[in-house]
Amino acid sequence: KNIMIVKSLIYGPVLLAFGSWVLSIADAARVTTQLYENESTATTHTVHYSGGGGGGPSSLDHEEEGDEDEDDEDEDDEDDEDDDENVSNKGKALLHQPSGQHLLIDIKNVNYDFLRSQDRIVEAMIETISLAKQTLLSYHCHDNRRTRIVGGVSCVGILLESHMAVHTFPTDGIIIMDLFTCGKGELVGPVLPVVERLFAIPEEEEEEERQRQEQQQQQSPPPTPPRMLWSHKRRGFREGFDPNWSRWSDPIDQGLGIDMYRRHDLDGKVSLVSEQTSFQHVDVIEMIDPRYSSLGAYERSLLSNDDDENNDESPSSYESRHAEMYRPDKVLFLDGVQQSTLVGETEYHESLVHPAMFAHPNPKRVAIIGGGEGATLREVLRHTTVEEAFMIEIDGELVELCKRYLPEWSSCADIDDDDDDDNDDDGTT
């Protein structure tokens with residue numbers, strides 16, 4: 001009896017404490033559940049796809065959650081017939097193959113109020129889907145402003161082609177999104193400018209801080225502009241499913257996709273042009289590779305204190321005195337294969353031209369086969385003995401695109417002290 005009394009005295013409080021701990025965990029789980037069920041605002045919007053050949057927003061009928069469809073019973077009765085029809089059509093080609101494109105986008109320095117507004121996020125997402133020529137079936141959003149977990153907005157749009165998801169982090173000024181589509185249309189060129197316009201909303205200066213700066217007669221620095229990082233890659237399986245697929249038919253399957261589109265760490269990555277000419281597909285990408293430079297160094301290269309009256313004692317930065325070393329790089333791709341880059345293109349074209357020119361005792365007439373960028377012609381014109389130079393390029397559209405997007409390649413500013421473009425001469429054929 002004494003032993004039993006001692007055990008009761010020892011284990012009784014332990015069991016009581018354990019029971020209290022279990023109850024506290026249950027209460028915490030219940031509170032957490034209530035937190036998401038009661039304090040988070042969920043919005044569901046269903047869009048019925050009416051079929052047809054268009055697949056665009058015009059063929060959609062909108063219906064809020066809770067609305068009853070009078071044809072639901074008839075549609076349920078037809079499910080079995082549809083299944084039988086799908087089985088019979090199994091061998092036929094489908095509208096979308098088991099493959100697609102995945103676009104990942106991160107943006108920071110975004111407006112706080114925009115990131116907290118579910119209505120504005122939904123509006124931007126729907127417009128992006130529409131302009132990307134995708135078909136929205138439904139979307140579901142959670143407004144988590146009153147939760148202690150995220151505090152932003154999370155939205156998922158279900159597409160006929162796949163999905164688009166958006167997540168915001170207002171206190172950090174960050175929005176993260178992705179768009180996946182099984183469609184075959186181009187995704188990078190049409191969608192990225194739309195996303196930047198609709199989602200990269202700049203931060204606004206706080207009114208109190210602005211008034212304080214005005215009272216102290218100080219000029220506050222402008223808000224940091226939004227910064228967008230993105231990457232794109234192919235997904236799924238095409239070989240054996242898409243009869244028109246070829247490993248060499250799509251530029252994105254070449255160096256353009258592998259070295260540029262797939263990398264998510266390239267700052268300021270912009271597709272300046274992506275255009276099919278009569279002979280080839282031309283792409284020009286502008287970006288800053290963090291392995292060799294940085295966005296901060298480029299921004300410092302744009303600032304000079306030499307012309308600032310309030311900074312007489314502050315010398316200009318090293319980057320601003322050598323701005324050419326920190327400018328974004330440009331890369332030219334033809335049919336997805338890299339041709340030349342702004343960083344190092346001078347050395348590249350010098351090695352192509354000058355050995356042959358110096359091997360001739362007195363070069364006067366020069367013919368250049370190809371060379372649409374104009375850089376080869378530029379190097380030829382450095383030789384004072386040259387009287388005529390002819391550039392024979394089969395793709396005149398490429399020449400025009402290079403003049404517009406790659407003017408540095410053909411500039412003769414360091415040869416004859418003017419900024420004439422070598423490709424402007426009538427001798428270009």
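This report covers model confidence, the disulfide and one buried aspartate.

This is a predicted model, in which local features need pLDDT of at least 70, side-chain atom pairs count only at pLDDT 80 or more, and totals for chains, interfaces and linings use all residues. Residues are numbered from 1 along each chain as its sequence is written, and side-chain values use heavy atoms, with hydrogens and water left out.

**Confidence.** The chain averages a pLDDT (the predictor's confidence in each residue, from 0 to 100) of 79. Of the residues, 67% score at least 70. Two stretches have pLDDT below 50; the table gives their contacts (heavy atoms within 4.5 Å) beyond near neighbours in sequence.

| Stretch | pLDDT | Contacts |
|---|---|---|
| Residues 50-62 | below 50 | 22 contacts |
| Residues 64-70 | below 50 | seven contacts |

Where pLDDT is low, the predicted coordinates should not be read in detail.

**Disulfide.** The structure holds one disulfide (cysteine sulfur atoms within 2.5 Å). Cys141 and Cys155 form it, with sulfur atoms 2.2 Å apart. The link is right-handed, with 120° about the S-S bond. Cys141 lies in strand E4 (residues 136-143) and Cys155 in strand E5 (residues 153-159), so the pair ties together parts 14 residues apart in sequence. Strands are DSSP runs of at least two residues, helices of at least four, numbered from the N terminus. Both Cys141 and Cys155 are buried, meaning under 20% relative accessible area with a 1.4 Å probe, protein chains only.

**Asp395.** Asp395 sits in the loop between strand E14 (388-392) and helix H13 (396-405). Leaving aside neighbours within four places in sequence, Asp395 is in contact with Thr277, Phe279 and Gln280. The backbone nitrogen of Glu397 lies 3.2 Å from a polar atom of the Asp395 side chain.

Terms used
Buried < 20%, exposed > 50% of the residue type's maximum accessible area, 1.4 Å probe, protein only. Polar contact = N/O pair within 3.5 Å; in protein donor to acceptor, adjacent residues only side chain to side chain.
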